[in-house]
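Got your viewer open and a selection tool at hand? Let's take a walk through this protein, one stop at a time.

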Amino acid sequence: MTKHLNIVWFKRDLRIYDHRPLISAAQNGAVLPLFVIEPVLWQQPDMSARHWSFVSECLLELREELAKLGQPLIVRVGSVIDILSQFHKTHRIAHLWSHEETGNAWTYKRDLKVKKWCQAHSIFWQESQNNGVIRKLRSRNGWAAQWDAFMAEPITLPPKSLNQISSIEPGIIPTAPDLRLKQDPCPGRQKGGRDIGLQYLESFLNKRGTYYRKDMSSPVTAFTGCSRISPYLAWGVFSMREVAQTTWQRQRNLKIEPQPPSVKFWRSSMVSFTGRLHWHCHFIQKLEDEPRLEFENLHRAYDGLRSTRTNCKKLAAWSNGEIGLPFFDACMRALKATGWMNFRMRAMLMAVASYHLWLDWRKPGEHLARLFTDYEPGIHWPQVQMQSGTTGINSIRIYNPVKQGYDQDAKGVFIRKWLPELRGIPDQFLHEPWKWDQCGSILDKHYPFPIIDYLQAAKHARQKIWAVRKSGNFYEKATQIQDKHGSRKSGIPTRRQKKTEAQQNLPLEG
C-alpha cells in the first residue's frame with residue numbers, strides 16, 4: 001500500500017507543462033495521474049464522438065509524456081467517485097489535485113459531489129486556477145488587470161521525475177465505438193495532441209497570421225488565416241499562459257527584427273489576436289459566474305418569446321445545411337465535415353436558427369456544441385445567447401445570410417466546394433439560385449428552395465425582439481446584467497460605447 005497517495009485528476013488540462021497541480025502533487029509524495037472517462041458525461045446532449053476522438057488523441061500523447069517522467073497516465077471508465085473510492089480503499093488517498101473547471105452543468109454538479117465525497121473521507125482537494133477565469137469573483141472591476149498579471153506569471157515546468165506505482169495498470173484508452181457514442185464522421189477534424197497544437201500556434205504566429213485581422217471574417221480565408229488553436233485551448237493541451245507569453249514575445253520580436261513590408265499587417269493582427277485571448281476568458285467567466293446561462297435566458301424578459309416546443313422540420317433542415325440559402329448551407333456542411341468554423345459564420349449559423357427560423361436557442365445550441373471540436377461551454381453558451389438576442393446587453397445582430405455570402409464568398413468558391421449539387425447554377429445566380437429562370441431543373445430536385453422568406457423572417461424577428469426591449473423595467477435589469485458580466489478593460493467596448501466591426505468578432509474560436 002502506497003501511503004499519502006496524491007491523485008492528480010486531469011480534466012480539461014491535458015498537459016504536463018504549466019500544470020501547477022502536477023508539480024504541487026509531486027512535491028508532496030507519490031503521484032497517480034488520473035483521467036476518468038465518465039460515460040454519463042459523454043451521453044450529455046452537448047457532447048459527441050468527435051470530441052472524444054480528439055480527447056483520446058490528446059490522452060495518448062499525455063500518457064507518453066508522463067511515462068517519460070516515470071509514471072504513465074492512469075485511465076479508468078466509470079463514475080469518478082467510484083474510481084476514487086476504489087483507489088482510496090487500496091492505496092489511501094491523502095490529497096486530490098486538479099485545476100478548476102468551468103464545464104457544462106453536468107460537470108458542475110459532479111464536482112459538487114466530489115467535494116462532498118472528499119470532505120466525508122477527510123481528503124484534501126486542492127483546485128488551482130487554470131486560465132484567466134476567477135472563481136467566486138465578486139466584481140468585474142479590475143478583472144482585465146488580474147488576467148494580465150496571471151498570464152505574466154512564470155510558466156511552471158513539469159517535475160523532473162515521478163515514481164512509478166507499478167501495482168496499478170495504466171488502463172486502455174477506449175475508442176468512440178467502445179463508449180457507444182453515436183457515429184459522428186468528421187473527415188476534416190483537427191488531430192489532438194500538444195505537438196500538433198504547438199505547430200498550429202507556431203505557424204500562425206510566424207507564417208499564416210499576417211492578415212489575420214482581415215482573413216478571420218471569411219470562411220474562404222479563415223481556415224488558413226486563423227490560428228486554429230481553439231480545440232487545443234479547450235482541452236488544455238497547452239495553457240492560456242503559454243499562448244499569451246508566446247504571443248507577447250512575437251510582438252516584441254516584431255519591434256526589433258528587420259522590418260518586412262508586411263510588418264504593419266503583422267502588428268495589427270497580433271493586437272487583434274491578443275484581444276481575443278482576453279475575450280476567450282472573458283466569456284468563460286460569464287458561465288462561471290452564472291451557470292444557468294446554459295439553460296435559461298440571461299435576461300428573463302425574453303422568457304416565452306420563442307416556443308420551447310421545437311419545430312423538428314426546421315431544426316433538421318438547419319442542422320443538415322438544407323434550408324435553401326446556399327452560403328448558409330455551405331457553412332453548416334463545412335462545419336459538420338471539419339469541426340471548425342470562423343467566428344463570424346458561427347454567429348450567422350446561430351442567428352439564422354434564432355431569428356429567421358425563430359427556434360428556441362437550446363436545441364440549435366446543443367447541435368453546434370456537438371459539431372465544434374473546440375466546444376468550450378463557457379464561450380459557447382454566452383455566445384449562443386448573444387447571437388439569439390437574449391442577453392439584454394448586446395447589440396441585436398440579425399445576419400443576412402445572402403448578403404453574408406456576397407460579402408464573404410463573392411466568387412462562390414466556398415459554396416461550390418460544399419454544395420456540389422449546385423454545379424449547374426450559373427455564377428451570377430449562385431447566391432440566389434431561385435432567381436435563375438431555369439432553377440426548376442435543380443431546385444426541389446437536387447437542392448431545396450428556401451424554406452423561409454429570409455427578409456420577411458428577419459423583419460418579423462426584429463420587431464419581436466425590440467418589442468421586449470421596450471417593455472417594463474427591461475433596462476433596469478439589463479444594467480444589472482451589464483454590471484455583473486460586462487467588460488471594464490480599456491479598449492474593449494462596454495454597452496454604452498460604439499463597437500467597431502473588428503471589436504464585434506469577440507472570442508477566440510480559432
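This is a predicted model, and the tour below goes from selection to selection.

**Stop 1: a strand in the middle of things**

Select residues 93-99, which make up strand β4. Is β4 enclosed or open? Five of its seven residues are buried, so the rest of the structure largely encloses this strand.

Now add residues 5-9, strand β1, to your selection. β1 and β4 run parallel and are joined by four bridges. To find one matched pair, click on Asn6: its bridge partner in β4 is His95.

Next, bring in strand β5, residues 124-128. β5 pairs with β4 too, again in the parallel sense, over five bridges. His95 turns up here as well, standing opposite Phe124 of β5. To see how the chain gets from β4 to β5, colour residues 105-120: that is helix α5, and the β-α-β crossover through α5 is right-handed.

While you have side chains on display, here's something to keep in mind: in a regular strand they alternate between the two faces of the sheet.

**Stop 2: two residues with an unusual phi**

Stay around β5 and pick Ser122, in the loop between α5 and β5. Its phi is positive, near 55°, and it isn't a glycine. Why look twice at that? Most residues other than glycine have a negative phi. Ser122 has 68% relative accessibility, so it counts as exposed.

Then move to Lys136, in the loop between β5 and α6 (143-152). Lys136 is not a glycine either, yet its phi is positive, about 60°. With a relative accessible area of 74%, Lys136 is exposed.

**Stop 3: salt bridges**

There are 26 salt bridges to hunt for in this model. Let's visit a few.

Start with Lys11 and Glu101, whose side chains meet with N and O 3.5 Å apart. Lys11 sits in the loop between β1 and α1 (20-26) and Glu101 in the loop between β4 and α5, so this pair ties together parts that are 90 residues apart in sequence. Buried or exposed? Lys11 counts as buried at 7% relative accessibility, and Glu101 counts as buried at 13%.

Now jump to Arg333 and Glu421, another salt bridge, where the closest N and O atoms are 2.7 Å apart. Arg333 belongs to helix α14, while Glu421 is in the loop between α19 (413-418) and α20 (454-469), so to speak a link between distant parts of the chain, 88 residues apart. Arg333 is buried, with a relative accessible area of 18%, and Glu421 is buried at 17%.

For a third pair, select Asp360 and Arg362, which meet at 2.5 Å, N to O. Here Asp360 is buried, with a relative accessible area of 13%, whereas Arg362 is partly exposed at 23%. To round off this stop, select Glu290, Arg292, Glu296, Arg300, Asp303 and Lys484: salt bridges with shared partners join them into one network.

**Stop 4: the cavities**

Switch on cavity display if your viewer has it. How many cavities of 30 Å³ or more does the structure hold? There are 10, and the largest has a volume of about 270 Å³. Of the 24 residues lining that largest cavity, the closest to its centre are Glu100, Glu101, Thr102, Asn130 and Asn131. You've already met Glu101, in its salt bridge with Lys11.

Try colouring α10 (230-234) and α12 (263-289) too, since each supplies at least two residues of the lining. The largest share, three residues, comes from α12.

**Stop 5: a helix and its cover**

Select residues 312-320, helix α13, and pick out its buried residues: Leu315, Ala317, Trp318 and Ser319. What covers them? The cover includes α14 (326-338), α15 (343-356) and α16 (362-371). Right after α13 comes Gly321, with a positive phi near 70°.

**Stop 6: a buried leucine in a loop**

Finish at Leu430, in the loop between α19 and α20. Leu430 has a relative accessible area of 1%, so it is buried. Which residues touch Leu430, leaving aside its neighbours within four places in sequence? They are Pro326, Gly412, Ile415, Arg416, Leu422 and Ile425. Draw a distance from Leu430 to Pro326: their C-alpha atoms are separated by 7.5 Å, although the two residues are 104 residues apart along the chain.

Technical notes. Residues are numbered from 1 along each chain as its sequence is written. This is a predicted model: local features need pLDDT of at least 70, side-chain atom pairs count only at pLDDT 80 or more; totals for chains, interfaces and linings use all residues. Side-chain values use heavy atoms; hydrogens and water are left out. Buried means under 20% relative accessible area, exposed over 50%, partly exposed in between (1.4 Å probe, protein chains only). Contact means heavy atoms within 4.5 Å. Two strands pair if DSSP finds at least two bridges between them. A crossover is right-handed if, with the strands pointing away from the viewer, the path from the first strand over the helix to the second runs clockwise. A salt bridge is a side-chain nitrogen of Lys or Arg within 4 Å of a carboxyl oxygen of Asp or Glu. On a 1 Å grid over the protein atoms alone, a cavity is a set of points where a 1.4 Å probe fits but cannot get out, and a pocket is an open set with protein on both sides within 12 Å along at least five of seven lines; lining residues have an atom within 4 Å of a point. Grid points are joined across faces, edges and corners, and a volume is the space filled by probe spheres set on the points.
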